[in-house]
Amino acid sequence: MTTTSVNMAHKPLQTPTIDVRALDLKLGGTQLLSDVSVQSHTSGVTMVMGANGAGKSLFLRCLHRLLPVSSGSIMLQGKSLNDPTLKQAMVFQKPTLLRRSVMQNLEFAAPAGTSQSEIERLLARVNLLGRESQPARLLSGGEQQRLTLARALLTQPELLLLDESTASLDPASVVIFEEIIREVEREGVKSIFVSHDIGQAKRLASDVIFLHKGRVVEHTEATEFFNAPRSREAQAYLAGEILL
């Protein structure tokens, strides 16, 4: 079997970073997520994959308290979603920015006491240093998304939720984005990343949650998932087949 470039340098943690049990989501009488139960013990990037309509974004929105779950429990980083000490941020596929400058967008999101030098270091990290006074909405698509990531990181999250955050980016922005995810991972930030990009998942993932029709059909270490998927659905997905 071929090997992948998956990061396997993570030792299992005693307390799960993700602990979801019997999660159900029903909206308007339609069952969208059914009995979703996953436990991840890795500090690395957890990729959430599956075909369109599998429930990936819905799952992420439940984790970020954007949708009211019908039943079940969610623990992240050993804390319940109602725990005020749980610090998390989410980056969506399409950036939403204020009609202000780059710097004003960051200052708006910055916690009290954030210094100007901290903001400038973050701007340098996302390769936007020198663009402080530029209107944020006049940046390119890739630059806007990097600004959105900078704004999320400015809140100093311990958990970063990424919903197809690089799907429409130019290759250079994807490279910068992925490197930042690796960097913050080394600094202790856990990421849960929804992506259709198999190459990206191979580069970043520590483990993979695979959803199909609102259910978890496979959750394994990334190397095992890409080299020897166990479920018929995952095998078909990785082979490029259309899942119905």
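So, to kick off: how many residues sit between E1 and E2 in their hairpin, and which residue in the turn has a positive phi? The hairpin has 2 residues between the strands, and Gly-28 in the turn is the one with a positive phi, about 60°. Before I go on, keep in mind that this is a predicted model.

Okay, the strands. E1 covers residues 18–27 and E2 covers residues 30–40. They run antiparallel, with 7 bridges joining them. If you want a place to look on screen, find Asp-19 and you'll see Gln-39 of E2 standing opposite.

E1 also pairs with E4, which is residues 71–76. That pair is antiparallel too, joined by 5 bridges. Here, pick out Asp-24 in the viewer: the bridge partner in E4 is Ser-71. And a general reminder while we're on strands: in a regular one, side chains alternate between the two faces of the sheet.

Now the helices. For two packed helices, what we quote is the angle between the axes and the distance between them. Take H2, residues 102–109, and H3, residues 116–125: their axes come within 11 Å and cross at roughly 120°. Perpendicular stops at 115 degrees and antiparallel starts over 145, so H2 counts as oblique to H3. The crossing is right-handed.

Who makes the contact? From H2, we have Val-102, Met-103, Leu-106 and Glu-107, and from H3, Gln-116, Ile-119 and Leu-123. Sorted by class, that contact comes out as 5 nonpolar residues, 1 polar and 1 charged.

That's my bit, thanks.

How values were computed
Residues numbered from 1 in each chain as written. Predicted model: local features only at pLDDT ≥ 70, side-chain atom pairs only at ≥ 80, totals over all residues. Heavy atoms only, no water. Pairing = 2+ DSSP bridges. Helix = DSSP H or I, 4+ residues; strand = E, 2+ residues; numbered from the N terminus. Axes fitted to C-alpha atoms, helices over the stretch in contact; angles between N-to-C directions. Parallel < 35°, antiparallel > 145°, perpendicular 65-115°, else oblique. Left-handed = near helix turned anticlockwise from the far one by under 90°. Contact = heavy atoms within 4.5 Å. Nonpolar A, V, L, I, M, F, W, Y, C, P; charged D, E, K, R; others polar.
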